[in-house]
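Here is a set of exercises to work through with the model open beside you. Try each task before reading the solution.

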Amino acid sequence: MNQVENQSDRVPFLDINLQHQGLKGDILSTWERVLDKSWFILGQEVTEFEREFADYCESRFCSGVGNGLDALSISLRALGIGSGDRVVVPAHTFIATAYAVQSVGAEIVFCDVDEKTANLSASQLIRVKDLKSVKAVIPVHLYGQACEMPDLVEVAKAHHIKLIEDNAQSQGARSAGRRTGSFGDANATSFYPGKNLGALGDGGAITTTDPEIAETIRKIRNYGSSTKYVHDCFGTNSRLDELQAAVLRIKLRELDERNKMRRAVASRYLEALSGIEGLELPITAETSEHVYHLFVIKTDCRDRLQSYLAENGIETLVHYPTPVHLQTAMKSLNHRKGDFPVSEDWAQRCLSLPLYPFLTENKQQKVIDNIVKFFKERSTIKA
Ligand SMILES: *Cc1c(COP(=O)(O)O)cnc(C)c1O
């Protein structure tokens, strides 16, 4: 086989280029429009995108910010969370969720996640020690699946806890029929290029239904100011820019269709890989609609499966290999192995398979065939 065929036979984990091929003309012509206007920060594209994204999330207000981490920390600040306040964060997430809490001087309180969904659930939340003194909770809609929000909202309300959704991985997902990003007091998302709604660089946004919180967020992201050279409160510089907003408007129109493509790939995996001993497939909560940011399986022989697939030209990743409470950066919190066993189990046994819009059936079939083969060989060795 020659080099080129060999290359095309490989299955990458993600192919972002494919997502942009059909949109290239539109993107370049809107960028030309922005360039001709030469208004690059907080202009019409951002305003329009904010309105469109608020509508999409079934929320009322949206503020574009610089990235997902800022979206989380600005949300916390806007809700008055600061020094000494306790904030619950799942132990199994991307570390940004925890860093956001530290960045406002608040105290991270880790919580274990659900064994089936990998998400923070109401039953895990009520087990948090001294829940009465908790000020906020950040449920993360991990892997593209919405947390079971009505239950979480109920617990949060009962204990006067502010709720901030981390919706970086699940734009377009639903819980009990409603979009993620519509439940919390303020909800953060990221437009990092690999997310379901990704920009061509960094970006993020916060949605809320409360006009006062929305106004505070707008000030914080822009030097504490809504009128030039008048500064009312703490501020930072974290703004979505016009070029990114212009791209995001184009990609938002395609998001439902792209999420549908992700679901189609996922259902092929679910069907072809069901019933394999030693392989656990993703489970969707009854009231959630999954948008498969990632397709994550669990198996005891994760590392061997990952190397086997790599040897056969299939790229996989682990989201995430170390639970946040065991990261060196969190050393001062003095956690130990065994503190959050379900999160640790996910970290040890999870593997993300290639899944993206426009993944060809041929490439997907190659992934499926190799996984089936791996488990067949393994069961023969065992027998
Ligand atoms: C990507 C991500 C973030 C951070 O977003 P950035 O834009 O990279 O700052 C936060 N939380 C989760 C769950 C993420 O996946």
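**Exercise 1. A charged patch**

Is Glu 154 buried or exposed? The model is a predicted one, and the task is to classify this residue and then find its charged company on the surface.

Solution. Start with the area: Glu 154 has a relative accessible area of 58%. The cut-off for exposed is over 50%, so Glu 154 is exposed. Next, locate the residue: Glu 154 sits in helix α8, which covers residues 149-158. Finally, look around it: Glu 148, Asp 151, Glu 154 and Glu 286 gather in a surface patch of negative charge.

**Exercise 2. A nonpolar patch**

Work out which residues make the nonpolar surface patch of about 270 Å², and place Leu 35 in its element.

Solution. The patch is made by Leu 35, Phe 40 and Ile 41. Leu 35 belongs to helix α3, residues 24-37. With a relative accessible area of 54%, Leu 35 is exposed.

**Exercise 3. Two aromatic pairs**

How many aromatic pairs does a search of the whole structure find? Then classify the geometry of Phe 53 with Phe 191 and of Tyr 269 with Phe 295.

Solution. The search gives eleven aromatic pairs. For Phe 53 and Phe 191, the ring centres are 5.5 Å apart and the planes stand at 85 degrees. An angle over 60 degrees counts as edge-to-face, so that is the class of this pair.

Now trace the chain. Phe 53 lies in helix α4 (residues 44-56), while Phe 191 lies in the loop between β8 (186-190) and β9 (204-208); the pair links distant parts of the chain, 138 residues apart. Both rings are covered: Phe 53 is buried at 2% relative accessibility, and Phe 191 is buried at 0%.

The pair of Tyr 269 and Phe 295 is tilted, with 4.8 Å from centre to centre and 40 degrees between the planes. Tyr 269 comes from helix α10 (residues 242-272) and Phe 295 from strand β11 (residues 295-298), so the pair ties together parts 26 residues apart in sequence. Tyr 269 is buried, with a relative accessible area of 0%, and Phe 295 is buried at 0% as well.

As a last step, return to Phe 53 and Phe 191: together with Phe 49 and Tyr 56 they form one aromatic cluster.

**Exercise 4. Salt bridges within and between elements**

Find the salt-bridge partners of Arg 349, and say where each partner lies.

Solution. Side chains of opposite charge can pair when their charged atoms come close. The count for this model comes to 19 salt bridges.

One partner of Arg 349 is Asp 300, with the closest N and O atoms 3.1 Å apart. Asp 300 is in the loop between β11 and α11 (302-311) and Arg 349 is in helix α12 (residues 341-349), so this pair ties together parts 49 residues apart in sequence. Asp 345 also meets Arg 349 in a salt bridge, at 2.9 Å from N to O. Here both residues lie in helix α12, four residues apart, about one turn of the helix.

Compare the surroundings one by one. Arg 349 is buried, with a relative accessible area of 14%. Asp 300 is exposed at 64%, and Asp 345 is partly exposed at 24%.

For a second case, take Glu 48 and Arg 51, whose closest N and O atoms are 3.0 Å apart. Both are in helix α4, three residues apart, about one turn of the helix. Glu 48 is buried at 18% relative accessible area. These two are part of a network of salt bridges that links Arg 33, Glu 45, Glu 48, Arg 51, Glu 52 and Arg 249.

**Exercise 5. Unusual backbone**

Which residues are joined by a cis peptide bond? Also describe the phi of Glu 58 and of Tyr 223.

Solution. Most residues other than glycine have a negative phi, and most peptide bonds are trans. The cis bond joins His 319 and Tyr 320, with omega about 10 degrees. Tyr 320 is in the loop between α11 and α12.

Glu 58 is not a glycine, yet has a positive phi of about 60 degrees. Glu 58 lies in the loop between α4 and β1 (61-65) and is partly exposed, at 36% relative accessible area. Tyr 223, also not a glycine, has a positive phi of about 60 degrees. Tyr 223 is found in the loop between α9 (211-221) and α10 and is partly exposed, at 44%.

Definitions and conventions. Residues are numbered from 1 along each chain as its sequence is written. This is a predicted model: local features need pLDDT of at least 70, side-chain atom pairs count only at pLDDT 80 or more; totals for chains, interfaces and linings use all residues. Side-chain values use heavy atoms; hydrogens and water are left out. Patches are made of residues with over 30% relative accessible area and no salt bridge: like charges are joined within 9 Å, nonpolar side chains (Val, Leu, Ile, Met, Phe, Trp, Tyr) within 5 Å. Accessible areas come from the Shrake-Rupley method with a 1.4 Å probe; for residues, only the protein chains shown count as cover. A salt bridge is a side-chain nitrogen of Lys or Arg within 4 Å of a carboxyl oxygen of Asp or Glu. Lys and Arg count as positive and Asp and Glu as negative; His and the chain ends are not counted. The place of a charge is taken as NZ of Lys, CZ of Arg, CG of Asp or CD of Glu. Helices (H or I, at least four residues) and strands (E, at least two) are DSSP runs, numbered from the N terminus. Buried means under 20% relative accessible area, exposed over 50%, partly exposed in between (1.4 Å probe, protein chains only). Rings of Phe, Tyr and Trp (its six-membered ring) pair if their centres lie within 6.5 Å; planes under 30 degrees apart count as stacked, over 60 as edge-to-face and the rest as tilted.
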